[in-house]
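Student: I have a chain on my screen and some questions about it. Can we go through it residue by residue?

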Amino acid sequence: MASAIDDPTPALHPSTAGLRSDTYAVDLPDDAARSPLPHPPNSASASETPGQPPQRKGFFSRPWVVFTLLIVFSVLSFTAISLGVSFLLLSPKNPTLWISKIMVTHPWAKHPRVLISVKAQNPNNRLGVYYQTGGTAALSFKNKSVATGPFPAFFQEKKGSRAVDLVLRAANKTMPRQVRNSILNTTTKLPLSLDLTMNVPVRMRIWTTKIWIEELVFDCKFKVNTLSNSSRILNQRCPVIAEPK
C-alpha cells in the first residue's frame, strides 16, 4: 500500500470549513481585534460640533482675576467712604468774592478795557480751593452788557485771601450812554449802579485729593461814584446765587 503523500496545503480552520470556495477568512492578533478603528482625519467626534472650535475658559472665571478685582473694588470703596465722611465732617463753605476797585482804560478806543480788582477769601480751615479754568465775568448796567471777559484760574490755601484782576473787554458802539458819560466826564461825578456776574468752577481739596467740583455764580451788585479815574466803590453785595443741585 503506497505511503500517503504529505499535502503542503495547510488544513482549513474549522470555522471556515463550511464557507464557499471564494470566501477567505483572515486571522487578526488579539490586541488588534479589540482596538477601535481610528477616525478618519476629516471626521468629527460625537462630542464635537463640526466647524465649532472647542470652548475656552472665560477671563473672569480665573480665580486670581476675581481676587484682584475684589481687592481693587475694596480699596476704591474704602477711599470713597473715607473722603465722603471727611467731607461731611469738615462742613465746607463757599468762598467769598467782593470788588475792591474798578477802572476803565483807553476810553476813546473802539474796545475800552474795564479793569476790576476782586478780593477772594477762603473761609475754610482745612480745605484748599481751586478756581478752575473756564470761569467767566460779565459787567452790565440795567441788564445791558457793558464788558465781558474770563475769570482767571488759581489755587487758594485754607483761610487764605488774595486779589484777582479781571480784564474785561467793552465796546463803545454798544455801551449804554449813561456808562459812557460816566467814563468820559472827569469834572462831574455821575454815580452808577452796576452788576458784575461771575461764573466760577470751583473744586475743593482735602489733603492731596481734589473733590467736590461745582460751578458757583456770584452776583455782585455795586454802586460807584464814577467810572472816571477817581472811581470809588460806594456799596456792594456779592452773594452766591446759584449752587449745584
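Student: Which residues does isoleucine 99 touch, not counting residues up to four places away in sequence?
Tutor: This is a predicted model. Isoleucine 99 sits in strand β1, residues 96-105. With neighbours up to four places away left out, its contacts are Ile116, Ser117, Val118, Leu196, Cys220, Phe222, Ile233, Gln236 and Cys238.

Student: Is isoleucine 99 buried or exposed?
Tutor: The cut-off for buried is under 20% relative accessible area. Isoleucine 99 has 3%, so the residue is buried.

Student: How many Å apart in space are isoleucine 99 and cysteine 220, C-alpha to C-alpha?
Tutor: Cysteine 220 is among the contacts of isoleucine 99. In sequence the two are 121 residues apart. In space, C-alpha to C-alpha, the separation is 7.9 Å.

Student: Step back to the whole chain. How many helices and strands does the protein chain have?
Tutor: Along the sequence the pattern reads α-α-β-β-β-β-β-β-β-α-β-β-β-β. The totals are three helices and 11 strands.

Student: What share of the contacts with a separation of 6 or more comes from residues 24 or more positions apart?
Tutor: The chain has 245 residues, and 29% of them are buried. Among contacts with a separation of 6 or more, pairs 24 or more positions apart account for 63%.

Student: What percentage of the exposed area do carbon and sulfur atoms supply?
Tutor: The protein chain exposes about 17,400 Å². Carbon and sulfur atoms supply 58% of that area.

Student: Now the charges. Which residue forms a salt bridge with aspartate 195?
Tutor: The structure holds two salt bridges. In the one with aspartate 195, the closest N and O atoms are 3.2 Å apart. The pair links distant parts of the chain, with aspartate 195 in strand β8 (residues 192-206) and its partner in strand β9 (residues 209-224), 26 residues apart. That partner is lysine 221.

Student: Which residues are joined into one network by salt bridges that share partners?
Tutor: Lysine 221 also forms a salt bridge with aspartate 219, with the closest N and O atoms 3.5 Å apart. Shared partners thus give one network of Asp195, Asp219 and Lys221.

Student: Why does aspartate 195 count as buried, and is lysine 221 buried or partly exposed?
Tutor: Buried means under 20% relative accessible area. Aspartate 195 is at 15%, so it counts as buried. Aspartate 219, at 11%, is buried too. Lysine 221 has 47%, so this residue is partly exposed.

Student: Next, strand β3. How many of its five residues are buried?
Tutor: In a regular strand, side chains alternate between the two faces of the sheet. Here one side carries Leu127, Val129 and Tyr131, the other Gly128 and Tyr130, and both faces are covered. The buried count for β3 is five of five.

Student: Which residue in β6 does valine 129 stand opposite?
Tutor: β3 pairs with strand β6, residues 154-156, in the antiparallel sense over three bridges. Opposite valine 129 in β6 stands glutamine 156.

Student: What is the phi of lysine 142 in the turn between β4 and β5?
Tutor: Strands β4 (residues 135-141) and β5 (residues 144-151) pair antiparallel over seven bridges. They form a hairpin with two residues between them. Lysine 142 lies in that turn, and its phi is positive, about 55°.

Student: In β7, which residue is the bridge partner of threonine 148?
Tutor: On the β4 side, threonine 148 of β5 is the bridge partner of alanine 138. β5 is also joined to strand β7, residues 161-170, by two bridges, and these strands run antiparallel. The β7 partner of threonine 148 is arginine 169.

Student: Serine 182 has a polar side chain. Which residue's backbone nitrogen lies 3.0 Å from a polar atom of that side chain?
Tutor: Serine 182 is in helix α3, residues 177-184. Its relative accessible area is 0%, so the residue is buried. Beyond four places in sequence, its contacts are Leu190, Leu192, Thr226, Leu227 and Ser228. The backbone nitrogen at 3.0 Å belongs to leucine 227.

Student: Last one. Which residues make the nonpolar surface patch of about 300 Å²?
Tutor: Start from valine 75 in helix α2, residues 63-90. Its relative accessible area is 47%, so valine 75 is partly exposed. The patch is made by Phe67, Ile71 and Val75.

Notes. Residues numbered from 1 in each chain as written. Predicted model: local features only at pLDDT ≥ 70, side-chain atom pairs only at ≥ 80, totals over all residues. Heavy atoms only, no water. Helix = DSSP H or I, 4+ residues; strand = E, 2+ residues; numbered from the N terminus. Buried < 20%, exposed > 50% of the residue type's maximum accessible area, 1.4 Å probe, protein only. Polar contact = N/O pair within 3.5 Å; in protein donor to acceptor, adjacent residues only side chain to side chain. Contact = heavy atoms within 4.5 Å. Pairing = 2+ DSSP bridges. Patch = residues over 30% accessible without salt bridge, like charges linked within 9 Å, V, L, I, M, F, W, Y side chains within 5 Å. Areas by Shrake-Rupley, 256 points an atom, 1.4 Å probe, with all protein chains shown as cover. Salt bridge = Lys/Arg side-chain N within 4 Å of Asp/Glu carboxyl O.
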